[in-house]
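Work through the exercises below with the sequence and the coordinates open. Each task is followed by a solution in steps.

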Amino acid sequence: METLRDIVLYIHLIGFAVLFGSWLVEAVARRIRFTPLMTVGLTIAAVAGFALAAPWGIDHELNYVKITTKLVVLLIIGALLGIGGGRQKRTGSVPPAMFWAVGVLTLLNAGLAVIWR
Ligand code: HEM
């Protein structure tokens with residue numbers, strides 16, 4: 001059970017890496033746009049995150065205030081990708097504030113995960 005939980009955590013981290021990595025590639029290249037890979041990463045992190053939100057394979061309490069905060073942040077990122085992606089299709093561009101918010105909120109969630117115990 002513990003090993004299985006570690007594997008799910010590993011998958012969760014892969015989702016984070018795919019989301020943040022694909023965002024960073026665009027940011028460094030100064031391309032203010034969303035790519036499908038960002039949604040793939042978010043989906044992987046979300047599915048694995050939900051599995052980790054249940055208390056199995058551990059012998060300590062989960063911090064549900066933290067987990068709920070992370071869920072809210074994830075939903076905001078999803079809304080930004082959805083709304084911004086829609087605009088990108090219609091007008092060819094994403095509002096820069098939406099693009100930068102996705103990177104900042106992704107890092108915020110990783111920070112919450114690691115720093116808030
Ligand atoms: C963009 C979204 C997310 C990012 C970047 C992210 C990032 C991370 C990272 C880096 C860890 C490893 C922390 C550690 O083991 O010290 C982690 C663990 C974890 N995440 Fe996420 N996460 C996200 C979304 C979610 C969501 C939506 C949930 C649940 C609804 C969730 C639940 C958890 C749980 C339960 C753990 C296990 C460690 C703990 O209890 O804190 N995560 N996350």
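The model is predicted. Of the 117 residues of the protein chain, 19% count as buried.

**Exercise 1. Describe the overall fold of the protein chain.**

Solution.
- Step 1. Count the elements. The protein chain has 4 helices and 0 strands.
- Step 2. Read the order. Starting at the N terminus, the elements run α-α-α-α.
- Step 3. Take the extent. The C-alpha trace spans about 50 × 25 × 20 Å along its principal axes.
- Step 4. Look at the contacts. Among those with a separation of 6 or more, 72% join residues 24 or more positions apart.

**Exercise 2. Compare the helices with the transmembrane annotation in UniProt.**

Solution.
- Step 1. Fetch the record. An unreviewed UniProt entry places the feature "transmembrane region" at residues 7-25, 37-58, 64-85 and 97-116.
- Step 2. Check residues 7-25. This span is 100% helix and 0% strand, and its end C-alpha atoms lie 26 Å apart.
- Step 3. Check residues 64-85. Here too the chain is 100% helix and 0% strand. The end C-alpha atoms of residues 64-85 are 31 Å apart.

**Exercise 3. Does the end-to-end span of H3 agree or disagree with 1.5 Å a residue?**

Solution.
- Step 1. Work out the expected span. H3 has 28 residues, so at 1.5 Å a residue it should span 40 Å.
- Step 2. Compare with the model. The end C-alpha atoms of H3 are 40 Å apart, which agrees.
- Step 3. List the buried residues of H3. They are Lys-70, Ile-77, Leu-80, Leu-81 and Gly-84.
- Step 4. Find their partners. The buried residues of H3 pack against H2 and H4.
- Step 5. Look past the end. Gly-92, just after H3, takes a positive phi of about 90°.

**Exercise 4. Which residues have the most contacts inside the largest nonpolar core?**

Solution.
- Step 1. Take the core. The largest nonpolar core has 15 residues.
- Step 2. Pick out those with the most contacts inside it. They are Leu-19, Met-38, Leu-42, Leu-81 and Val-102.
- Step 3. Assign the core to elements. H1, H2, H3 and H4 each supply at least two residues of this core.
- Step 4. Follow Leu-19. Leaving out residues up to four places away in sequence, Leu-19 touches Met-38, Gly-41, Leu-42, Ala-45 and Thr-106.

**Exercise 5. Classify Phe-20, Val-72, Gly-103 and Arg-30 by burial.**

Solution. The cut-offs are 20 or more other C-beta atoms within 10 Å for buried and 12 or fewer for exposed, with partly exposed in between.
- Step 1. Phe-20 is found in helix H1. Phe-20 has 20 C-beta neighbours inside 10 Å, so it counts as buried. Its C-alpha atom is 9.0 Å from that of Leu-42, 22 residues away in sequence.
- Step 2. Val-72 sits in helix H3. Val-72 is exposed because 11 other C-beta atoms lie within 10 Å. The C-alpha atoms of Val-72 and Asn-109 are separated by 9.8 Å, and the two residues are 37 apart along the chain.
- Step 3. Gly-103 lies in helix H4. With 17 other C-beta atoms within 10 Å, Gly-103 is therefore partly exposed. Not counting residues up to four places away in sequence, Gly-103 touches Trp-23 and Ala-27. Between the C-alpha atoms of Gly-103 and Val-28 there are 12 Å, at 75 residues apart along the chain.
- Step 4. Arg-30 belongs to the loop between H1 and H2. Arg-30 counts as exposed because it has 6 C-beta neighbours inside 10 Å.

**Exercise 6. What is notable about the phi of Arg-30?**

Solution.
- Step 1. Recall the rule. Most residues other than glycine have a negative phi.
- Step 2. Apply it. Arg-30 is not a glycine, yet it has a positive phi of about 60°.

**Exercise 7. Describe the shell around the ligand.**

Solution.
- Step 1. Identify the nearest residues. Of the 22 residues around the ligand, Gly-49, Leu-52, Leu-74, Asn-109 and Ala-113 come nearest.
- Step 2. Sort by class. The shell has 17 nonpolar, 4 polar and 1 charged residues.
- Step 3. Assign to elements. Helices H1 (2-28), H2 (36-52), H3 (64-91) and H4 (96-115) each supply at least two residues of the shell.

Note on methods: Residues numbered from 1 in each chain as written. Predicted model: local features only at pLDDT ≥ 70, side-chain atom pairs only at ≥ 80, totals over all residues. Near = placed C-beta within 6 Å. Nonpolar A, V, L, I, M, F, W, Y, C, P; charged D, E, K, R; others polar. Contact = placed C-beta atoms within 7 Å. UniProt positions renumbered as here; feature names shortened; annotations may be inferred. Expected span 1.5 Å × (residues − 1). Core = buried A, V, L, I, M, F, W, Y, C linked by C-beta atoms within 7 Å.
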